[in-house]
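I set out to record what could be looked up in this model about burial, aromatic contacts and sheet layout. The entries below follow the order in which I checked them.

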Amino acid sequence: MEVELLAPDRWRTEKKRLIGFALRFGDKRLAIATMHALRKLDDSTLESDASGVYTAVIAVAVHGSRIVGFGFAADGGEGGSLVVVHPDARGLGIGGKIVEAMIGRLGSMTCNVAVDNTASMAICFKLGMKAVSMHRGPTGKPTLRFEKTAELGAPVKV
């Protein structure tokens, strides 16, 4: 299994496929605002600016030629973030590899996870993300806000 960080040209060719993947396998847990941000993503944000900073990231996990998961984060997660893993590939650490690659690219990341989404919370805690607050999410569920900053000099495992 490999995790690829998409460049703008790959996003343009894979956009429909990845949005369809999210809708099919997101288990109706994906926030409408996040899906809207993904659909409207300006592909130039997948490139770094002059100082090497990325505004958005899309990480795709592939096994052979098959997509087994992908993640998206804009504005360090503030503009939306999601991770979707194919049901047949869950429990294999793919979600964690995707989030790890996204944090490595962005330098830091935040995400909001409903407290009934134990699989996503487990990924966040396993990667050392810190739960910093609790609020009501878009569906009214209690939701934890997680934050993580990449460790300086640490290699990004992909």
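Entry 1, a buried ring. I looked up Phe146 in this predicted model and found a relative accessible area of 0%. Phe146 therefore counts as buried, the cut-off being under 20%.

Entry 2, the partner of Phe146. I noted that Phe146 forms an aromatic pair with Phe125. The centres are 5.1 Å apart and the planes stand at 80°, which makes the pair edge-to-face. I then asked which elements hold the two rings. Phe125 belongs to helix H4 and Phe146 to strand E7, so the pair ties together parts that lie 21 residues apart in sequence.

Entry 3, the sheet around strand E7. I traced an open sheet of three strands, ordered E5-E7-E6, with antiparallel pairing. Strand E5 (108-114) and strand E6 (130-136) are the edge strands, each pairing on one side only. From one strand to the next, I recorded an average twist of 25°. Between E6 and strand E7 (residues 142-149) I found six bridges in the antiparallel sense. For Lys130, I identified Glu147 in E7 as the bridge partner.

Entry 4, helices across the sheet. Which strands does helix H4 lie across? I found that helix H4 (residues 118-126) lies across E5, E6 and E7, and runs at about 150° to E5. Helix H3 (residues 94-106) lies across E5 and E7, and I recorded an angle of about 140° to E5.

Entry 5, the aromatic pairs. How many aromatic pairs does the model contain? I noted a count of three aromatic pairs. One of them joins Phe21 and Phe70 in an edge-to-face arrangement, with 6.2 Å centre to centre and 70° between the planes. This pair links distant parts of the chain: Phe21 sits in helix H1 (residues 8-25) and Phe70 in strand E3 (residues 66-74), 49 residues apart.

Entry 6, burial of that pair. Are Phe21 and Phe70 buried or exposed? Phe21 has 5% relative accessibility and therefore counts as buried, the cut-off being under 20%. Phe70 has 0% relative accessibility, so Phe70 is buried too. I also recorded that Phe21, Phe25 and Phe70 form one aromatic cluster.

Entry 7, a charge over a ring. I lastly examined Tyr54 and found Arg105 over the face of its ring. The distance of Arg105 from the ring centre is 4.1 Å.

How values were computed: Residues are numbered from 1 along each chain as its sequence is written. This is a predicted model: local features need pLDDT of at least 70, side-chain atom pairs count only at pLDDT 80 or more; totals for chains, interfaces and linings use all residues. Side-chain values use heavy atoms; hydrogens and water are left out. Two strands pair if DSSP finds at least two bridges between them. Helices (H or I, at least four residues) and strands (E, at least two) are DSSP runs, numbered from the N terminus. Axes are lines fitted to C-alpha atoms, for helices over the stretch in contact, and angles run from 0 to 180 degrees between N-to-C directions. Contact means heavy atoms within 4.5 Å. Rings of Phe, Tyr and Trp (its six-membered ring) pair if their centres lie within 6.5 Å; planes under 30 degrees apart count as stacked, over 60 as edge-to-face and the rest as tilted. Buried means under 20% relative accessible area, exposed over 50%, partly exposed in between (1.4 Å probe, protein chains only). A charge sits over a ring if NZ of Lys or CZ of Arg is within 6 Å of the ring centre and within 35 degrees of the ring normal.
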